[in-house]
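Biologist: I'd love a close look at one part of this model, with the charged side chains as the thread to follow. Could you walk me through it?

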Amino acid sequence: AFAKGLDPAYQVDKGGKVRFMVELADPTVELKWYKNGQEIRPSAKYIFEHKGNQRILFINNCSMTDDARYYVTAGDEKCSTELFVRDPPILVTKGLEDTSTYVGERVELSCEVSEDDANVKWFRNGVELTNDPKSRYRIKVEGKKHTLVIEEAAKNDTATYSVMTTGGQSEAKLAVDLRPLKISLALEDQTVRLGQEIHLKCEISENVEGKWYKNGQLIEASDRVKLYHKGRIHRFVIPASAVDDEGEYMFVPDAYNINIPCKVHIVDPPKLHLDGLGENNTVTVVAGSKLRLEIPITGEPTPKVVWSRGDKGITDSGRIRAETYPDSSCLVIDTAEREDSGPFRITLKNEAGEDTALINIKVVDVPDPPQAPNVTEVGEDWCIMTWEPPANDGGSPILGYFIERKKKQSSRWMRLNFELCKETTFEPKKMIEGVAYEVRVFAVNAIGMSKPSMPSKSFVPLAVTSPPTLLAVDGVTDTSVTMKWRPPDQIGAAGLDGYVVEYCFEGNGFSQGISTDLSEELLEPPFNVEVGVFVIPCSFDLSSSLHFPKLADEWIVANPELTDKTKFTINGLPTGSKILVRVKAVNAAGESEPRYHPQPILVKEVIEPPKIRLPRHLKQTYTRRVGETVNLVIPFQGRPRAKVSWQKNGSPIDKNEINIRNTENDTIIFIRKAERGHSGEYDMTVEVENLVDKATIDIQIVDRPGPPEIVTIEDVWGENVNLSWKPPKDDGNAAITGYTIQKADKKSMEWFTVIEHYHRTSATINELIIGNEYYFRVFAENMCGLSEDATMTKESALIAKDGKVYKYPVYDDFDFSERPLFTQPLVNTFAIAGYNATLNCSVRGNPKPKITWLKNKVLIMNDPRYRMFSNQGVCTLEIRKPSPYDGGTYTCRAVNELGEAEVDCKLEVK
């Protein structure tokens, strides 16, 4: 269709005209033009022409949008081309010019280019400038004229500025200098009183910013410091001056190498600040400690400080010295002593005035130790101690005392109170009776505790004994009364020195009544009871009125010297009188409480019928073995002293064989080593004048029996032997309780007991071994044991075979084989995720079965999460830290050669 197509490419300047031409082979073919796939229609911009077979497209006034791909179609054929539109270069027709100006002036840099509204770029020292509204630089375009505007030039605007177009460039230098500065009003030196306003003001010829400096340091505006700038005037204001505000100030205008200086001098009268001191400017210090009393001072210029005590000034060296600092002064006492107490004067002076004050130093110390305490009273485990307060309380009131004690032979002191004792008396307790102690005292005030006092004189806690016990009448005659008693229950470390026996006559004007409570305290109930081997007779009623004198000075001491015995006879008493008796125990701590006899005693001998108080165990036969000791105590009573006699089997007792000792209240039969000949009936007789009492004691001394007389083999049949024997002639003075039978094989003659404690005199011995020959012997037995010897049979007994052959029974071996059997099944289990779980069952079987475990019918093998144990038939599967995945059905399988068995369970993991 095309005889000649389009050229591959066309190029045209912006605003120019381009001509596309194709030549058709067939002029009748319809032709269409396209730009980037869009059909082109005829218009003022696109003009179509036909010249014979030529078809022409003109594009007028080309712009950058016409830069595209064009193609033309003729039937089914097409050809295409590319159109490139280029901008013509823009030339700088009038370049930039070098310019000089002053800071703050308006600057315009202009140039002209070859086309209107051309694209022109501005540069400052090679850095492109944009027309940003926030920028100090503004670019203005008027047709071909392009201008860079700087409204207020600054010193740093000095640079090289350039413009650049597509066809050329131009550059120029801008120099910005400062105007010469003049000081219209300089700063003035000021002397300001502390707290007043500081107002500094200066005026310069230019309206520029500036900075304020104090002693070379930049000052920033704050709530306290106010900085003002209005036009050419600069002001510096501090409403309330302080000491630190003194110094050299200057104002430095920005961009100028000049400064405007002045001096500010702050003055203030000296002043002492004593607010932290106590009442009347008193300072308390503990003796021995260091005092560093710091007194804040103010004043400008710094005042001169003078410390003095009385008329003597204090220097800056020594134990007491003064140290002065710009804002304070210190009084230093290295080691305070009590003599340092008193007033100290401090004086301040400067050009603005003077201030002075008196400061009272009070040195307090621990108190002096008290004097050695006195122990005024001593008890069983306590004492009472007193002391005087210390002569010097150390300048602080005594708050109380601490008390310590120690054993005299020890060096270790023990604190007795942990709360201060407010009094000057104290009662230590819980001491050991009979041990020597010392005590000492510490005084305590607010400062601390004094040194200990000197120890007290040593003392020993001692207690009187408890009253004597069991006071009773031992005998009464027409002119005397014999009393007896027992030692006190509690004697203590002081021991017992002896007893004092006192009496008084009834009816000497004493009150006849005493309360039952007193009787219960002084008496020793119950009475009429057996004590040891004597009886305390007492036949009064505790509920009846008791007769005790109430006036202690009417009591008569029966023994001027202490008696260490527990029995005493009061002589020289009128016959027929009645006396009251009491006894006191005496030791180093004093006399105990008295023990009173419960009723008056008639001084007249009274006949008391004899009465033997035979112990219960002697009312029947008294049995002892040969060689044992016999010691019988038989109490009796009777007044006056009874006469005691003994007989054995109706004859007098041989005192060389049997020892008899008589007292006023009992009699004792003593046999050191009993023999059978000591057996018999012993008759005891007690006589008081014409009155008699008798008692009989049956004593039996027993020994082991002799052997049986004759042991005979009566008959032998089969495996049995029949024996008989006669009782022993000597039964050991006791009844025969049984017999012991032993056998011995004739070959070994080793004896074995067959029957023990057998009561008859004939016995049958069974289960003897056929073919053996036996001897037998018999022991007799009574309460003392077996006889020393036994009687043996003279003949032996042969257990004949009688033609019989002993056939041992045949036993079949027991078959222990067993197929596996679970005796304890698995149990459904719930486990907690992360915690080990165990499954247990038990199985038996022979041979020992092999155990395997399955999960969900799958054999568990070599899985480290499972551990399997089997111990004595107990099978265990341990699942380590299971997860929900480990849930399922677990099976335990046991297999041996006789069969197999299974048990299973379900495990659920939550």
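Biologist: Which residues form a positive surface patch?

Modeller: Happy to help, and please keep in mind that this is a predicted model. The positive surface patch is made up of K611, R613, R616 and K619. Of these, R613 sits in the loop that runs between strand 53 (608-612) and strand 54 (622-625). With a relative accessible area of 34%, R613 is partly exposed, because that value falls between the 20% and 50% cut-offs.

From the patch we can turn to charges that do have a partner. Side chains of opposite charge can pair when their charged atoms come close. One such pair is E628 and R624, a salt bridge whose closest N and O atoms are 4.0 Å apart. E628 is partly exposed at 33% relative accessible area, and R624 is partly exposed too, at 29%. Shared partners also build a network of salt bridges from R106, E108, R138 and E151.

Elsewhere, R292 and E323 meet in a salt bridge at 3.0 Å, N to O. This pair links distant parts of the chain, with R292 in strand 29 (residues 291-300) and E323 in strand 32 (residues 320-325), 31 residues apart. R292 is partly exposed at 43%, whereas E323 is buried at 18%.

D474 and K484 give another salt bridge, with closest N and O atoms 3.1 Å apart. D474 belongs to strand 42 (residues 469-476) and K484 to strand 43 (residues 481-486), so the pair ties together parts ten residues apart in sequence. Here D474 is buried at 5% relative accessibility, and K484 is buried at 12%. The count for the model comes to 41 salt bridges.

How values were computed: Residues are numbered from 1 along each chain as its sequence is written. This is a predicted model: local features need pLDDT of at least 70, side-chain atom pairs count only at pLDDT 80 or more; totals for chains, interfaces and linings use all residues. Side-chain values use heavy atoms; hydrogens and water are left out. Patches are made of residues with over 30% relative accessible area and no salt bridge: like charges are joined within 9 Å, nonpolar side chains (Val, Leu, Ile, Met, Phe, Trp, Tyr) within 5 Å. Accessible areas come from the Shrake-Rupley method with a 1.4 Å probe; for residues, only the protein chains shown count as cover. A salt bridge is a side-chain nitrogen of Lys or Arg within 4 Å of a carboxyl oxygen of Asp or Glu. Lys and Arg count as positive and Asp and Glu as negative; His and the chain ends are not counted. The place of a charge is taken as NZ of Lys, CZ of Arg, CG of Asp or CD of Glu. Helices (H or I, at least four residues) and strands (E, at least two) are DSSP runs, numbered from the N terminus. Buried means under 20% relative accessible area, exposed over 50%, partly exposed in between (1.4 Å probe, protein chains only).
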